[in-house]
Amino acid sequence: MKKLLLYFFILWGSLVFSQLYQVPIYSVSSLQPGQPGSEVAKLLDGDNTTIYHSKWSQNGIPDELKFYFTSNVTSIKKLVYTPRQSGTNGMWTNISISYSTQGAPNTFISVSNNLIWASNAQDKEVVFPTAILNPYVIKISVNAGIGNYSSGAEIKFFSETQPAITDGTDCTINTSELSINGANDVKAAIIPSGTTASSYQSGENIDKSYDNNVNTLYHSSYSNTTFPVVLNYRLNGSTPIDYLKYTPRPSGDNGRFGSVNISYNTSANSTFVNLMSFDFQHSSYPVNVYFPNQITPLNVRITVNNGQGNFASCAEMGFYTAGSSGAVNPYNNIFANTLYSALKPSVSQADIDGMASPFYKGLAQCLFNGTYVNKYRVQDYKVYPPISITTGNLKVGSGYDSFENPTGIVFAQADKVALFAQNIPPGASISLQVKDFSTVLGGTTSYYELHNGLNVFQLINSGLGYISYYNANEALPDVKINIVSGKVNGLYHYQTSTQSDWQANLTNSAYHMIDVVGQHSHLVYKKSMLKNYATFNPAELVSKYDLIVKNEWLLMGLYKYNLVPKNRMFSYSNNGGGWYAGGLGINMDSDWGEETLADVNQLSLWGIAHEFGHINQIRPDLKWIGTTEVTNNMHSTWVDYHMNPQNDGMSRLERESVEPTTGMASIEGGRINGAILNTAVNQEALQGNSNTDVFKVLVPFWQLELYYQLAGASRNAPVLSLNYPTNYTGVDYAHWFGTVANVARSYNASGISNGELLLNFVKNTCDAVQEDLTGFFIKTGFLKPINKSIDDYGIGQLTITQAQIDATIASIQAQNYQTPVSPVIHYISSRSIKAFRNKLPLSGQTGQGVNLSNNYLTVQHSVWKNAVAYETFNANNQLIYVSVMGTGDTSNQTTKVYYPSNATAVYAVGYDGRKILVYPVSTLSVAEVKNSNSELIVYPNPVEQNGSIHIKLKNASGNYNINILGTDGKIIFSSKGNLDAIEKEINTEILKYPSGIYLLSLKDAKGKTFKTVKVIKR
């Protein structure tokens, strides 16, 4: 292809310059938004068939593209612009070029202005008269483009200087002379006769623990394991033994050893002698246990005191005689410490040249040359609690970080790796863990146990390196490690890394993944994804993940109860596998949208919190059948509400347009209305609907969060936050769920049915807030009988009888808790928090600010103030639908109230249960529609359990006498006064009355008796 050459100076004769090398571009940005699928990163993908194109729907000129470079690019001599190869829209026809340098990144120097380019598909070259030195940004200002768009296929930059190779190779050090750890050790033979287990499962007896196959295992009895479990290994009585090696089961965790006692006897003395105690801490990787002294046993007895899941299991058990390990601390005249991480100040090149060992000579030379990357190769590593202890204490699922202490070093398969270790405490088990993240979470993981001094291993897989240092004793000291082998991949740590580190590591080709370590979260994500979407803001990205985790821990009560773990939560992203939680952490498939994982403005807050939420579900107490995809979303709603970039004061439940029930049109807030329809209107059990929607099941959990965590229980209590006031002495409503969770963490739920778990949640919630919430739990379907098989990643039964419900209600009422301030908590949404929190009075005028169209009333909030919901009734005075505040209008200026053909009236409902007729004007109540000649009207009728009634009398004036009678004719309430005073008194008394039918009679001061009204209380 011909190229159009543009020169900024002319030489007599031929233009001659040295060979040019293409240089890497760190990142690119554009002033104009890209058309979806044609974003500006397409300019750097090396594919002429893909293009960057400004958004089709708007003017794309002027455009400004900034190309960023790292310090590895020392100069730029030429750029090449490849226009789109088909079509012409957006081809650049007039540009200007300027640049900034690493030393002054915000100061731009002009190179050229208004360069004119032909509108064709030929490459356009610009050769700079003087090479741009140490570039940070080269800016191309697009002044004109075909069709007023901006487009391009590729941009390339070239230098006269070959850029540094950034493949992670800082030094190449020969390890071939070194002996692999344990290469000279001798494994003792185990004699089957006399090797026994006190408990075993048929087919998984102790012989499976020494068959040299890690895929078979010894396992104690599935049905009758009683601790201690005694494992006796018979040896020949003449082989000296220095240590044993325990290999746990490679998959699953039941039976992984906890604490053990080790004893032995000899051929000369049959009495067993106690040798030592050791705690394997349910290790998931092989552990060497070094004995305090060499023994020559006939039998070694391992008494297992406890194991994970109350079982004992072992993939392989071996006993070894240690061989010779060679010279201790050679070349101490050259190296300044036994970590071999520095040279003595006096060392010269001649001293290094005189060294005989290629390994130590190569290391010394690298240190001498100053190319050894100490930042990653030489580090201190901290101890972390074993994952099983953390998850056991919190009663949550697996998925906390088993990759703490990333090294920033990547290894190749079959490499002979050398590293030095210091400060490993006696009895502590520390390993180099190498994890292959090249495909999915199931990639190979291998462990290599470390000891103080030189460690040498032959790796069985490639991957990133981690120092596995997990121990229940958090007071153990940091260990020091010098990793001589492998390539430097780098990592980002929220406390120690810089923006320069970030850019250098993302352009490093040592490995395609990188560790990003926050305060409470740990990500292993693709470099390409991070480079595209977190180009300059790694700290902001990881802090977002940290904040998601903090919000989940806040909700769980971990801050309140001082249970915040040292362990991080782990997230991994590569191509494939979908989004799911479990195993090693959360798998976040980048094919589902890289921007949702790495762009701080487009993060899938709901999705990330949802997957972390799965791990943080307290099981089984707060994860009974049917709630696997429910209680985890308590975290999602909370995170979505607080962290969404729109700051719109909503969660997905209010924001998303969904049909409330089959056959209805989708509408914003539809799921909340649909949940209320199922339970409060149709009186179904919470999980009883035949078309179970887990989001509708979530609604009452979210309503409890809103009322107690954000609305202060309508008692002006503090909201839930990381800055919760320490001087508040009232009921801690805000931490209601954390309190419930804390009760669950200490409760033995073994053998408890799913129905009992649900009822425990009801009781524990009432205990947490010290309020009688039985009305709420009845209306939301928790306290409704159910007998249903539910498919929740497996079939389970949810059964709750009326007798159990009655016993639960009696148990709660026996506590004499106060009732909630609001009788309509089941109507709260994020749009009505203010009304509940500040106890704002309902106001509005019947028929005003309302318009009926297509089965929906549009109610104006400017007229109807502080209505938390709108109830729709039919001609039989039956509640047929409820529309919460803001339904159908995310701006929260109106509410779309469902008004089907059989509807006859709509009432606005205040936080306190007070109701005002909204529509129609001529109808004050359904009762009045039925009997238009009646002077006395009582509405709403029936009245809800915690509801209020209103009395309407035509031409009312003066005082009245009122009586309320039971169906037996006995007067149970009398009062005298004006109607307003009587109404207030009745609404105080009626709360005390059980459900049933009552008769209300009224006389005026002259003795005129009005028609008696039958009042139904639900």
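This note concerns the internal cavities of a predicted model and the helix H12 that contributes to one of them.

1. Cavity count. The model holds nine cavities of 30 Å³ or more. The largest cavity encloses about 90 Å³, and the second largest has a volume of about 70 Å³.

2. Lining of the largest cavity. Its lining comprises 14 residues, of which Asn678, Leu686, Asn689, Lys696 and Val697 are the closest to the centre. Two or more lining residues come from each of helix H12 (670–681) and helix H13 (694–710). The greatest contribution is that of H12, with three residues. By character, the lining of the largest cavity consists of seven polar, four nonpolar and three charged residues.

3. Lining of the second largest cavity. Among the residues around this cavity are Lys779, Pro823, Val824, His826 and Tyr827, and also Glu871, Lys915 and Glu944. Four residues of this lining are charged, four are polar and three are nonpolar.

4. Burial of H12. Helix H12 is mostly covered, with 12 of its 12 residues buried. The buried residues include Arg671, Asn673 and Thr679, as well as Ile672, Ile676 and Leu677. Asn678, one of the residues closest to the centre of the largest cavity, is likewise buried in H12.

5. Surroundings of H12. The cover over the buried residues of H12 includes helix H11 (652–655), H13 and helix H16 (774–779). Strands S39 (657–658), S40 (667–668) and S46 (879–884) are also part of this cover.

6. Backbone after H12. Gln683, just after H12, adopts a positive phi of about 60°.

How values were computed
Residues numbered from 1 in each chain as written. Predicted model: local features only at pLDDT ≥ 70, side-chain atom pairs only at ≥ 80, totals over all residues. Heavy atoms only, no water. 1 Å grid on protein atoms, 1.4 Å probe; cavity = no way out; pocket = protein on both sides within 12 Å on 5 of 7 lines; lining within 4 Å. Points joined across faces, edges and corners; volume = space filled by probe spheres on them. Helix = DSSP H or I, 4+ residues; strand = E, 2+ residues; numbered from the N terminus. Nonpolar A, V, L, I, M, F, W, Y, C, P; charged D, E, K, R; others polar. Buried < 20%, exposed > 50% of the residue type's maximum accessible area, 1.4 Å probe, protein only. Contact = heavy atoms within 4.5 Å.
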